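Here are a few short exercises to work through with the viewer open. Try each task before reading its solution.

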Amino acid sequence: PRKITETYPVIGIEMEGYAPSNVEIANYIGKLAGCNLFHNVKMVYSREDKVGNAITRQFKLTMEVLLDRDYRMEPAEEVAHVNVN
């Protein structure tokens, strides 16, 4: 017997950036993975780098947006601004 599986198109996203620590990267990945828009969120690498005089973490992530459903935009929550001196 043949097994028939349906496939749906996806949009693949690769993102590179800098963060102050691996903890910040992990928190960011957690927030992306917890969002209903992004699926299969994975860290490709994280390595030490230097930006100016600051030691940072350079990272690369991949994720997918599934196209087998309708998405709708909702207003973003208001965020309070904090002044740091």
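The exercises below go from the overall fold to single residues, and the model they use is a predicted one.

**Exercise 1. Fold and overall dimensions**

Task: Find how many helices and strands the protein has, and compare its radius of gyration with that of a compact globule of 85 residues.

Solution:
- Step 1. Count the elements: there is one helix, and there are three strands.
- Step 2. Put them in sequence order, and the pattern reads β-α-β-β.
- Step 3. Turn to the radius of gyration: it is 18 Å for the protein, whereas a compact globule of 85 residues would come out near 12 Å.
- Step 4. Look at the C-alpha trace along its principal axes, where it spans about 65 × 35 × 15 Å.
- Step 5. Check the contacts with a separation of 6 or more: 63% of them join residues 24 or more positions apart.

**Exercise 2. Surface and charges**

Task: Work out what share of the residues counts as buried, and what carbon and sulfur atoms supply to the exposed area.

Solution:
- Step 1. Of the 85 residues, 20% count as buried.
- Step 2. The protein exposes about 7500 Å², and carbon and sulfur atoms supply 52% of that area.
- Step 3. For the charges, take the mean position of the 10 positive ones and that of the 12 negative ones; these two points are 8 Å apart.

**Exercise 3. The largest nonpolar core**

Task: List the residues of the largest nonpolar core, and say which element gives the most to this core.

Solution:
- Step 1. The core has 10 residues: A19, I25, I29, L32, F38, V41, F59, L61, M63 and V65.
- Step 2. Assign them to elements: α1 (22–34) and β3 (54–66) each supply at least two residues.
- Step 3. The biggest contribution is that of β3, with four residues.
- Step 4. As background, nonpolar side chains in soluble globular proteins tend to be buried together.

**Exercise 4. L32, a core residue on the helix**

Task: Decide whether L32 is buried or exposed, and find what it touches beyond four places in sequence.

Solution:
- Step 1. L32 sits in helix α1.
- Step 2. The cut-off for buried is under 20% relative accessible area; L32 counts as buried because its relative accessibility is 10%.
- Step 3. With residues up to four places away set aside, L32 touches F38, V41, L61 and M63.
- Step 4. For a distance check, pick K42, 10 residues from L32 along the chain: their C-alpha atoms are separated by 9.8 Å.

**Exercise 5. Three more residues**

Task: Classify T56, N22 and N40 by relative accessibility, and look at the surroundings of T56 and N22.

Solution:
- Step 1. T56 belongs to strand β3. Its relative accessible area is 11%, so T56 is buried.
- Step 2. Beyond four places in sequence, T56 touches Y18, A19, R47, E48, D49, K50 and V51.
- Step 3. N22 is in helix α1, and it counts as partly exposed because its relative accessibility is 40%.
- Step 4. Apart from neighbours within four places in sequence, N22 is in contact with S46 and R57. N22 and F59 lie 37 residues apart in sequence, with 9.0 Å from C-alpha to C-alpha.
- Step 5. N40, in strand β2 (residues 39–51), has a relative accessibility of 44% and therefore counts as partly exposed.
- Step 6. Finally, inspect the backbone of N40: phi is near 60°, a positive value in a residue other than glycine.

Conventions: Residues are numbered from 1 along each chain as its sequence is written. This is a predicted model: local features need pLDDT of at least 70, side-chain atom pairs count only at pLDDT 80 or more; totals for chains, interfaces and linings use all residues. Side-chain values use heavy atoms; hydrogens and water are left out. A nonpolar core is a set of buried Ala, Val, Leu, Ile, Met, Phe, Trp, Tyr and Cys residues joined through side-chain atoms within 4.5 Å. Buried means under 20% relative accessible area, exposed over 50%, partly exposed in between (1.4 Å probe, protein chains only). The radius of gyration is taken over C-alpha atoms; the globule rule is 2.2 Å times the number of residues to the power 0.38. Contact means heavy atoms within 4.5 Å. Accessible areas come from the Shrake-Rupley method with a 1.4 Å probe; for residues, only the protein chains shown count as cover. Lys and Arg count as positive and Asp and Glu as negative; His and the chain ends are not counted. The place of a charge is taken as NZ of Lys, CZ of Arg, CG of Asp or CD of Glu.
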